[in-house]
Amino acid sequence: GVRLSWVARGMYQFVDYLNRVHDFDELHVVAHSMGGLVSRGSINICAQNRNCDYLTSYTTISTPWNGVASAKNGVKWAPTAVPVWHDLDPDSDYVTTLFDTDLPEGLPFNLLFGFRNDSAFGSESSDGVIKLKSQLRHSAQVDAETVLGFDEGHVSILQNDAVIEKVLATLDRHSSP
């Protein structure tokens, strides 16, 4: 429930530490849902510091790039707002500035999304949790080498054989022999 900017900075610092200790040449980032927002924030910090040559590929799955409208309602109406709700608000600084920093030069980015909405509530296209218009934010699509949709829900997408194959193929294609 902590602020996404804090988690992103923590991820950056942890990966930077691991790289200094282990001096690895490759890091593939695969993130689901809010993890995509966190990892993009971390990659942004890395790009701003110009020290992420080890980043090899970046894949996100069902990420709410445009935030989550219910978070805005939670901030407005809940007696006490969970801190992360402030960052998930579609109008938050975190969400609105996420694409102000370019991805590192040459970093392949795959945007995978789900569109199976088995929910009886709401008629807007979604994966049952995250609306398609959030998963398919234009800025994210522009950055992506691949934009690929799957007839899956928000969680079931992680068990889809074609999704797993795409992720593994990306790792194989962008890894050193």
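This report walks through the helices, the cores and a few buried residues of a predicted model.

## Ground rules

Because this is a predicted model, local features need pLDDT of at least 70, side-chain atom pairs count only at pLDDT 80 or more, and totals for chains, interfaces and linings use all residues. Residues are numbered from 1 along each chain as its sequence is written, and side-chain values use heavy atoms, with hydrogens and water left out.

How sure is the predictor? pLDDT is its confidence in each residue, from 0 to 100. The protein chain averages 92, and 97% of the residues score at least 70. Among the elements, helix H3 (residues 69–77) has the lowest mean pLDDT, 76, while E1 has the highest, 98. These labels come from DSSP runs numbered from the N terminus: helices are H or I with at least four residues, strands are E with at least two.

## Helix H1 and its two faces

Helix H1 takes in residues 4–22. A helix's expected span is 1.5 Å times one less than its number of residues. For the 19 residues of H1 that gives 27 Å, and the end C-alpha atoms are 26 Å apart, which agrees. Right after H1 comes Asp23, with a positive phi near 50°.

Which residues of H1 are buried? They are Leu4, Ala8, Tyr12, Val15, Asp16 and Asn19. Here buried means under 20% relative accessible area, exposed over 50%, and partly exposed in between (1.4 Å probe, protein chains only). These buried residues sit on the same side of H1 because they cover an arc of only 105° around the axis, where the arc is that of the directions from the helix axis to the C-beta atoms. An α-helix has 3.6 residues a turn, so residues three or four places apart point the same way. The face turned away from the buried side carries exposed Trp6 and Arg20. Covering the buried residues are, among others, strand E1 (27–32) and helix H2 (34–49).

## Helix H8

Helix H8 (residues 161–173) has 13 residues and reaches 18 Å from first C-alpha to last, close to the 18 Å expected. Val163, Lys166, Val167 and Thr170 are its buried residues. Their arc is only 95° around the axis, which puts them on the same side of H8. They pack against E1, E2, E3 and strand E4 (146–150). Over on the other side, Asp161, Glu165 and Asp172 are exposed.

## The cores

A nonpolar core is a set of buried Ala, Val, Leu, Ile, Met, Phe, Trp, Tyr and Cys residues joined through side-chain atoms within 4.5 Å. The largest one has 29 residues, and Leu4, Leu37, Leu55, Tyr58, Trp65, Phe109 and Leu111 have the most contacts inside it. H1, H2, strand E2 (55–61), H4 and strand E3 (109–114) each supply at least two residues. H2 gives the largest share, five residues. Apart from this core lies another, of six residues, including Phe150 and Ile157.

## Some buried residues

Ile43, in helix H2, is buried at 3% relative accessible area. Leaving out residues up to four places away in sequence, Ile43 touches Leu55, Tyr58, Leu103, Pro104 and Leu107, where contact means heavy atoms within 4.5 Å. Ile43 and Pro104 are 61 residues apart along the chain, yet their C-alpha atoms are separated by 8.0 Å. Thr60, in strand E2, is buried too, at 1%.

How many disulfides does the structure hold? Zero, counting a disulfide as a pair of cysteine sulfur atoms within 2.5 Å. Cys46 is buried at 2% relative accessibility, and Cys52 is buried at 8%.

Conventions: pLDDT is the predictor's confidence in each residue, from 0 to 100.
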